[in-house]
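Work through the two exercises below with the sequence and the 3D structure at hand. Each task is followed by a worked solution.

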Amino acid sequence: MKGVELKSGDLEGLFKGLLDKKVVDCLILPHRVGNNVAHMMVTDKDKIEPPVPAIFAPSFSVNVANIVKGWLIKEKIGIVAKPCEIRAAIELIKLKQMDKESVLLISVDCPGAFTNQDYADHAEEIGDWVDSAKIEELKGKGIAIREACEICDKRLADVGDIGIVRQDGDNVVVVGITDMGVEALSAIEDISLEDKDIDRSGEIEKIVSEAKKKKDALPEISSVEALEEFLRDCIVCKNCRDMCPVCYCKECFFDQPLGNPVGGDLLNIAELRGAIAVPANQLMYHLTRVYHVSTTCVGCGACEDACPKDIPLTRLYPVITKKVQEIFEYVPGKDVEEPLPFTVYEEEELEDKLR
Amino acid sequence: MGEETTKKEEEEFEPKIVGFTCNWCTYAAADLAGTSRKKYPPNSRIIRLMCSARLDPMFVLKALLNGADGVFFSGCHPGECHYIKGNYYARRRIAAIRTILKQLGLDNRFKSYWISASEGEKFANTMKGLTEEIKELGPSPLRGKIL
């Protein structure tokens, strides 16, 4: 793998170089806003403000893939984001919601993210660079990372075109993962690429086993009654859909009269059954969404963040969809060339899953 | 007395089953079962689709959430689809939705079969078996719920 070792402060130069050399027409990257971190879209290289380490900040605002979803423009967009955001972008490329050639995906190692509130309240204490020891220490003080991040087992920068890998101290290694990524890096003047062999299998093993332990400890939704109780407070506002990067229908079924009956339609159904819960279709909405994102859910937890009623949706979407992904041995966002499970088939398969 | 009534109700439980069948095979098989005077329980209401691939898993969800005690799907054997490969795609979707239903303990209320146009007898037997199975399970936990 081709890569280059840098200090985290040098990343500013790298991003400026990408814009300067017209490798990308714009960059979307996280930057500081007060005590927290949000995204900005930069076209002028002088607007890239230090400290660039904000890209490592353990805070999750919006899944960036959701912003660029459906853009289909000629200009090239560089996206600097967490691995879950990059994986969502890769799924969107497969779903034809983005053009593979018009995005340069740059993933950044992620230690997990705190909720916006926790991060803003304790920004100084948390800082930009947290490792697992620091997370444990903060946990002791009651500042815990998001549930979605706790059960995430793919938080290393090994997806997209370029990966920004954290080393000891404030060293980083920037590696080109795809040919496009290597090309982009070699276009920058003051960077000379060398062969970099990074073996992270030990690290991955540790993350996977810890994530599994956390996931197994989560309360499971194992019956209809449990699901009803779980969704008790849901007001069907559909924020979870709107913030979900891989929920991409232009016109949602649940915005149409059949999926969202109102007025006379609703009255008719109520008359038919004697009574109907309002707003209608709560269970139908969530189960349909579970099915619709079943192969593409990257488990970023944006749905949970978006819920105004604080329903821990991580226990529903990423947990159940993972089981569907397992039967197809599919990992969303792993490889842009791998076809979506529902678009291909094998002549002999799955017969034990049908009855 | 309360116990007696429940027992009586259980004995009389007639499940409502919604079936989705492909026009080119199972729907014809159901026809064949009828014309050959094969007897099978009248509990299923069949909805004809033009192909297995028309089965949107939302149909299954909607039927179950509206209180159906059982849902079944039946199409052409893999490799014999009228439209060449519709049932291959359908098979993947069915496997996915059943995985989701399994999580909620509802997977035993949604079955799928492959029954060709010539298998009238198989259709009748399948319906007998399915109705028995659903009777054994009892009414759907979603029946009569205010949803």
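The exercises treat the fold of one chain and the domain contact of another.

The model is predicted: local features need pLDDT of at least 70, side-chain atom pairs count only at pLDDT 80 or more, and totals for chains, interfaces and linings use all residues. Residues are numbered from 1 along each chain as its sequence is written, while chains are lettered from A and ligands numbered from 1 in the order in which they are written.

**Exercise 1.** Describe the elements and overall dimensions of chain B.

Solution.
1. Chain B has five helices and four strands, taken as DSSP runs (helices H or I, at least four residues; strands E, at least two) numbered from the N terminus.
2. Their order from the N terminus is α-β-α-β-α-β-α-β-α.
3. The C-alpha atoms of chain B fill a box of roughly 55 × 35 × 20 Å along the principal axes.
4. Of the 147 residues of chain B, 51% are buried, meaning that 20 or more other C-beta atoms, placed from the backbone, lie within 10 Å of the residue's own.

**Exercise 2.** Locate the two domains of chain A and describe how domain 1 meets domain 2.

Solution.
1. An automatic or database assignment sets the bounds: domain 1 spans 2–217 and domain 2 spans 224–353 of chain A.
2. The centres of these domains of chain A, over C-alpha atoms, are separated by 27 Å.
3. Domain 1 of chain A gives 28 residues to the contact and domain 2 of chain A gives 20 residues, where contact means C-beta atoms, placed from the backbone, within 7 Å.
4. On the domain 1 side, the elements giving two or more residues are α2 (64–68), α3 (83–94) and α7 (147–150) of chain A.
5. The largest share of that side, ten residues, comes from α3(A).

Technical notes: A residue is buried if 20 or more other C-beta atoms lie within 10 Å of its own, exposed if 12 or fewer, and partly exposed in between; C-beta atoms are placed from the backbone. Two residues are in contact if their C-beta atoms, placed from the backbone, lie within 7 Å.
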